[in-house]
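Me: I am new to this structure and would be grateful for a close look at a single part of it. Please choose one residue as a starting point, and work outwards from there in one connected account.

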Amino acid sequence: MKNSGKRAMEKALLSLGAPHVVTTQDLESYVRVSAGTRPSPATLTRWVRALTETGALQQVSRGIYLNRLAGPAVHPAEAAQYIRRGAVASLAWVLERSGALNNFGDTVTCVVPQVPGMAPPKVGERDTVAGPFRFYAMPDRLIEAGSTRLEDVQDLRYSYPRATPERALLDWIYLGASVRSRLPLPPLDIQLRGMSQSRLTRLAKAMGVEEEWRRWHAGWRAREEAGDVKDNASAALGF
(Lines give C-alpha, C1' and ligand atoms only; values in the text may rest on other atoms or scores of the structure.)
Protein backbone atom coordinates (compact mmCIF):
# COMPACT_ATOMS: atom_id res chain seq x y z
CA MET A 1 0.00 0.00 0.00
CA LYS A 2 3.09 2.19 -0.35
CA ASN A 3 1.66 4.41 -3.11
CA SER A 4 -1.84 3.06 -3.62
CA GLY A 5 -3.14 4.88 -0.53
CA LYS A 6 -1.84 8.23 -1.71
CA ARG A 7 -3.32 7.58 -5.16
CA ALA A 8 -6.65 6.72 -3.53
CA MET A 9 -6.68 10.09 -1.76
CA GLU A 10 -5.82 11.94 -4.98
CA LYS A 11 -8.56 10.10 -6.88
CA ALA A 12 -11.13 10.94 -4.22
CA LEU A 13 -10.07 14.60 -4.17
CA LEU A 14 -10.41 14.78 -7.96
CA SER A 15 -13.73 12.95 -8.19
CA LEU A 16 -16.91 14.66 -9.33
CA GLY A 17 -18.58 16.37 -6.40
CA ALA A 18 -15.51 16.04 -4.17
CA PRO A 19 -15.75 18.23 -1.06
CA HIS A 20 -13.94 21.56 -1.08
CA VAL A 21 -12.89 21.08 2.54
CA VAL A 22 -11.58 17.81 3.99
CA THR A 23 -10.35 16.65 7.35
CA THR A 24 -7.65 14.15 8.24
CA GLN A 25 -10.44 11.69 9.07
CA ASP A 26 -11.91 12.14 5.58
CA LEU A 27 -8.56 11.43 3.96
CA GLU A 28 -8.05 8.32 6.08
CA SER A 29 -11.49 7.04 5.09
CA TYR A 30 -10.65 7.41 1.38
CA VAL A 31 -7.72 5.04 1.89
CA ARG A 32 -9.74 2.56 3.98
CA VAL A 33 -12.52 2.37 1.39
CA SER A 34 -10.12 1.99 -1.54
CA ALA A 35 -7.42 -0.25 -0.02
CA GLY A 36 -9.46 -2.00 2.64
CA THR A 37 -6.90 -1.25 5.31
CA ARG A 38 -6.12 1.58 7.68
CA PRO A 39 -2.82 3.45 7.20
CA SER A 40 -0.61 4.13 10.18
CA PRO A 41 -0.69 7.72 11.52
CA ALA A 42 2.89 8.26 10.32
CA THR A 43 2.08 7.04 6.80
CA LEU A 44 -1.09 9.14 6.59
CA THR A 45 0.86 12.20 7.78
CA ARG A 46 3.50 11.60 5.11
CA TRP A 47 0.90 11.32 2.34
CA VAL A 48 -0.97 14.42 3.49
CA ARG A 49 2.30 16.35 3.65
CA ALA A 50 3.13 15.27 0.10
CA LEU A 51 -0.28 16.41 -1.17
CA THR A 52 0.18 19.72 0.63
CA GLU A 53 3.61 20.26 -0.91
CA THR A 54 2.23 19.66 -4.42
CA GLY A 55 -0.60 22.12 -3.83
CA ALA A 56 -3.38 19.53 -3.95
CA LEU A 57 -4.23 20.38 -0.35
CA GLN A 58 -3.92 23.67 1.50
CA GLN A 59 -3.86 23.51 5.27
CA VAL A 60 -6.28 25.78 7.12
CA SER A 61 -5.62 24.61 10.66
CA ARG A 62 -4.68 21.33 12.30
CA GLY A 63 -6.52 18.50 10.58
CA ILE A 64 -8.49 20.79 8.19
CA TYR A 65 -7.53 21.29 4.53
CA LEU A 66 -8.85 22.99 1.40
CA ASN A 67 -9.14 20.60 -1.52
CA ARG A 68 -7.47 22.59 -4.31
CA LEU A 69 -8.09 19.74 -6.76
CA ALA A 70 -11.82 20.47 -6.53
CA GLY A 71 -11.32 23.67 -8.51
CA PRO A 72 -9.62 27.07 -8.41
CA ALA A 73 -12.65 28.72 -6.81
CA VAL A 74 -12.09 27.05 -3.43
CA HIS A 75 -11.87 29.77 -0.74
CA PRO A 76 -10.82 29.57 2.93
CA ALA A 77 -14.33 30.78 3.88
CA GLU A 78 -15.56 27.29 3.06
CA ALA A 79 -13.64 25.99 6.08
CA ALA A 80 -15.32 28.33 8.59
CA GLN A 81 -17.91 25.74 9.65
CA TYR A 82 -15.07 23.30 10.39
CA ILE A 83 -13.28 25.82 12.59
CA ARG A 84 -16.42 26.84 14.51
CA ARG A 85 -19.46 24.60 14.44
CA GLY A 86 -22.42 26.24 12.71
CA ALA A 87 -20.40 29.22 11.44
CA VAL A 88 -21.88 31.21 8.56
CA ALA A 89 -19.85 33.63 6.44
CA SER A 90 -21.56 36.99 6.85
CA LEU A 91 -21.12 40.66 7.81
CA ALA A 92 -18.37 42.73 6.14
CA TRP A 93 -16.73 39.87 4.22
CA VAL A 94 -19.94 39.06 2.34
CA LEU A 95 -20.77 42.72 1.73
CA GLU A 96 -17.28 43.41 0.39
CA ARG A 97 -17.52 40.59 -2.11
CA SER A 98 -21.01 41.54 -3.23
CA GLY A 99 -19.81 45.06 -4.08
CA ALA A 100 -21.87 46.70 -1.34
CA LEU A 101 -18.69 47.85 0.44
CA ASN A 102 -15.79 49.49 -1.35
CA ASN A 103 -13.01 48.30 0.94
CA PHE A 104 -11.86 44.72 0.46
CA GLY A 105 -10.28 42.86 3.38
CA ASP A 106 -8.85 39.36 3.77
CA THR A 107 -10.53 38.54 7.09
CA VAL A 108 -13.48 36.15 6.74
CA THR A 109 -16.15 37.46 9.10
CA CYS A 110 -18.66 34.91 10.39
CA VAL A 111 -21.56 34.56 12.79
CA VAL A 112 -21.80 31.49 15.03
CA PRO A 113 -24.89 30.28 16.90
CA GLN A 114 -25.17 30.69 20.64
CA VAL A 115 -27.47 27.95 21.89
CA PRO A 116 -29.27 28.31 25.26
CA GLY A 117 -28.00 25.84 27.84
CA MET A 118 -24.76 25.20 25.97
CA ALA A 119 -21.31 26.70 26.44
CA PRO A 120 -20.93 29.93 24.47
CA PRO A 121 -18.97 29.58 21.23
CA LYS A 122 -15.42 30.87 20.96
CA VAL A 123 -15.47 34.27 19.29
CA GLY A 124 -12.95 36.84 18.10
CA GLU A 125 -9.95 36.53 15.82
CA ARG A 126 -8.64 33.18 14.63
CA ASP A 127 -5.50 33.18 12.50
CA THR A 128 -5.02 30.13 10.29
CA VAL A 129 -2.46 29.08 7.73
CA ALA A 130 -5.00 29.85 4.98
CA GLY A 131 -5.93 33.29 6.32
CA PRO A 132 -7.61 35.19 9.17
CA PHE A 133 -11.14 34.63 10.46
CA ARG A 134 -13.24 36.64 12.89
CA PHE A 135 -16.23 35.08 14.65
CA TYR A 136 -19.21 36.80 16.30
CA ALA A 137 -21.86 35.04 18.40
CA MET A 138 -25.57 35.47 17.74
CA PRO A 139 -28.55 33.69 19.32
CA ASP A 140 -29.32 30.58 17.31
CA ARG A 141 -32.95 31.70 16.90
CA LEU A 142 -31.71 34.74 14.96
CA ILE A 143 -29.39 32.74 12.76
CA GLU A 144 -32.33 30.48 11.92
CA ALA A 145 -34.80 33.39 11.51
CA GLY A 146 -36.24 33.64 8.02
CA SER A 147 -34.96 30.21 6.96
CA THR A 148 -38.42 29.17 5.76
CA ARG A 149 -37.33 31.07 2.64
CA LEU A 150 -33.81 29.71 2.35
CA GLU A 151 -32.97 31.99 -0.57
CA ASP A 152 -33.47 34.99 1.74
CA VAL A 153 -30.99 33.71 4.30
CA GLN A 154 -28.36 31.77 2.36
CA ASP A 155 -26.66 32.61 -0.92
CA LEU A 156 -27.54 29.44 -2.79
CA ARG A 157 -24.90 30.01 -5.45
CA TYR A 158 -22.37 28.62 -2.98
CA SER A 159 -22.09 25.13 -1.51
CA TYR A 160 -21.13 26.34 1.97
CA PRO A 161 -23.03 28.43 4.55
CA ARG A 162 -22.80 32.01 3.25
CA ALA A 163 -25.31 34.74 4.00
CA THR A 164 -27.02 36.76 1.31
CA PRO A 165 -25.90 40.42 1.25
CA GLU A 166 -29.24 41.40 2.79
CA ARG A 167 -28.81 38.94 5.64
CA ALA A 168 -25.17 39.96 6.13
CA LEU A 169 -26.25 43.60 6.52
CA LEU A 170 -28.99 42.79 9.03
CA ASP A 171 -26.66 40.52 11.02
CA TRP A 172 -24.30 43.50 11.22
CA ILE A 173 -27.08 45.88 12.26
CA TYR A 174 -28.19 43.47 14.99
CA LEU A 175 -24.67 43.11 16.38
CA GLY A 176 -23.95 46.83 16.06
CA ALA A 177 -27.07 47.70 18.03
CA SER A 178 -26.50 45.04 20.71
CA VAL A 179 -25.01 46.09 24.05
CA ARG A 180 -23.33 42.65 24.16
CA SER A 181 -21.26 43.34 21.06
CA ARG A 182 -18.34 45.69 20.46
CA LEU A 183 -18.96 45.72 16.72
CA PRO A 184 -20.07 49.20 15.57
CA LEU A 185 -23.02 49.67 13.25
CA PRO A 186 -22.37 49.30 9.52
CA PRO A 187 -21.07 52.40 7.72
CA LEU A 188 -23.64 54.48 5.87
CA ASP A 189 -21.76 54.32 2.56
CA ILE A 190 -22.96 50.75 1.89
CA GLN A 191 -24.52 50.36 -1.55
CA LEU A 192 -28.11 49.22 -1.13
CA ARG A 193 -29.26 49.65 -4.70
CA GLY A 194 -28.26 46.12 -5.66
CA MET A 195 -30.14 44.57 -2.74
CA SER A 196 -33.74 43.39 -2.54
CA GLN A 197 -35.78 45.79 -0.43
CA SER A 198 -38.54 43.22 0.03
CA ARG A 199 -35.99 40.69 1.30
CA LEU A 200 -34.55 43.24 3.74
CA THR A 201 -38.04 43.95 5.05
CA ARG A 202 -38.89 40.26 5.46
CA LEU A 203 -35.65 39.44 7.21
CA ALA A 204 -35.80 42.44 9.53
CA LYS A 205 -39.26 41.32 10.64
CA ALA A 206 -38.23 37.66 11.03
CA MET A 207 -35.18 38.65 13.10
CA GLY A 208 -37.09 41.17 15.22
CA VAL A 209 -34.79 44.05 14.23
CA GLU A 210 -37.34 46.18 12.37
CA GLU A 211 -36.73 49.26 14.52
CA GLU A 212 -32.93 48.94 14.33
CA TRP A 213 -33.20 48.53 10.55
CA ARG A 214 -35.48 51.58 10.23
CA ARG A 215 -33.10 53.77 12.25
CA TRP A 216 -30.04 52.70 10.28
CA HIS A 217 -31.86 53.03 6.96
CA ALA A 218 -33.06 56.53 7.88
CA GLY A 219 -29.42 57.56 8.42
CA TRP A 220 -28.42 55.93 5.13
CA ARG A 221 -31.22 57.70 3.27
CA ALA A 222 -30.31 61.08 4.78
CA ARG A 223 -26.71 60.61 3.66
CA GLU A 224 -27.80 59.63 0.16
CA GLU A 225 -30.12 62.63 -0.13
CA ALA A 226 -27.40 64.99 1.08
CA GLY A 227 -25.05 63.53 -1.52
CA ASP A 228 -27.64 63.99 -4.27
CA VAL A 229 -28.13 67.64 -3.30
CA LYS A 230 -24.38 68.20 -3.32
CA ASP A 231 -23.98 66.49 -6.70
CA ASN A 232 -26.84 68.51 -8.21
CA ALA A 233 -25.37 71.76 -6.89
CA SER A 234 -21.96 70.89 -8.33
CA ALA A 235 -23.51 70.04 -11.70
CA ALA A 236 -25.38 73.36 -11.75
CA LEU A 237 -22.11 75.22 -11.10
CA GLY A 238 -20.36 73.33 -13.87
CA PHE A 239 -18.12 71.17 -11.66
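Reply: **From one residue outwards**

Leu57 counts as buried, because its relative accessibility is 2%, and buried means under 20%. The model examined here is a predicted one. Leu57 is found in strand 2. Leaving aside the neighbours within four places in sequence, Leu57 is in contact with Leu13, Val22, Leu27, Val48, Leu51, Thr52, Tyr65, Leu66 and Asn67. Several of these names return below, as the strand, the sheet and the helices around Leu57 are taken in turn.

The first step outwards is the sheet. Three strands form an open sheet in the order 1-3-2, and their pairing is antiparallel. Strand 1 and strand 2 (57-61) stand at the edges with a single partner strand each, so each has one side without a neighbour in the sheet. On average, neighbouring strands of this sheet are turned by 35 degrees against each other, with direction ignored. As general background, the strands of a sheet pair through backbone hydrogen bonds, in either a parallel or an antiparallel manner. Strand 2 pairs with strand 3 (residues 64-67) in the antiparallel sense, over 4 bridges. Within this pairing, Ser61 stands opposite Ile64 in strand 3.

At the other edge of the sheet, Thr23 is placed in strand 1 (residues 21-23). Is Thr23 buried or exposed? Thr23 counts as buried because its relative accessibility is 14%. Apart from neighbours within four places in sequence, Thr23 is in contact with Gly63 and Tyr82.

The next step is from the sheet to the helices. Helix 2 packs on the sheet, where it touches strand 1, strand 2 and strand 3. The direction of helix 2 makes about 80 degrees with that of strand 1. Helix 2 (residues 24-35) also packs with helix 3 (residues 41-53), at an angle of about 105 degrees and with their axes 11 Å apart. Helix 2 is therefore roughly perpendicular to helix 3, because angles of 65 to 115 degrees are counted in that way. On the side of helix 2, the residues that meet helix 3 are Thr24, Leu27, Glu28 and Val31. Their counterparts in helix 3 are Leu44, Trp47 and Val48. The residues of this contact divide into 5 nonpolar, 1 polar and 1 charged. Both helices lead back to the starting point, since the contacts of Leu57 include Leu27 and Val48.

Nonpolar cores place this region in a wider setting. In soluble globular proteins, nonpolar side chains tend to be buried together. The largest nonpolar core holds 53 residues, of which Leu95, Leu169, Leu170, Ile190 and Trp213 touch the most other members. Helix 8 (residues 165-177) gives the largest share of this core, 7 residues. A second, separate core has 14 residues, and Leu57 is one of them, together with Val22, Val31 and Trp47 among others. As for Leu170, not counting residues up to four places away in sequence, this residue touches Leu200, Leu203, Ala204, Met207, Val209 and Trp213.

A last comparison point lies further along the chain. Leu57 and Val88 are 31 residues apart in sequence and 23 Å apart in space, from C-alpha to C-alpha. Another open sheet has 4 strands in the order 4-5-7-6, with mixed pairing. Strand 4 (88-89) and strand 6 stand at its edges, each with a single partner strand, so one side of each lacks a neighbour in the sheet. Helix 5 packs on this sheet, touching strand 4, strand 5 (108-114) and strand 7. The direction of helix 5 makes about 135 degrees with that of strand 5.

Helix 5 (residues 91-98) contains Leu91. Leu91 has a positive phi of about 60 degrees although it is not a glycine. In general, most residues other than glycine have a negative phi. Leu91 counts as buried because its relative accessibility is 2%. Also in this sheet, strand 6 (residues 124-128) and strand 7 (residues 131-139) pair in the antiparallel sense over 5 bridges. Strand 6 and strand 7 form a hairpin with 2 residues between them. In the hairpin, Thr128 stands opposite Gly131, and Arg126 stands opposite Phe133.

Technical notes:
Residues numbered from 1 in each chain as written. Predicted model: local features only at pLDDT ≥ 70, side-chain atom pairs only at ≥ 80, totals over all residues. Heavy atoms only, no water. Buried < 20%, exposed > 50% of the residue type's maximum accessible area, 1.4 Å probe, protein only. Axes fitted to C-alpha atoms, helices over the stretch in contact; angles between N-to-C directions. Parallel < 35°, antiparallel > 145°, perpendicular 65-115°, else oblique. Contact = heavy atoms within 4.5 Å. Nonpolar A, V, L, I, M, F, W, Y, C, P; charged D, E, K, R; others polar. Core = buried A, V, L, I, M, F, W, Y, C linked by side-chain atoms within 4.5 Å. Pairing = 2+ DSSP bridges.
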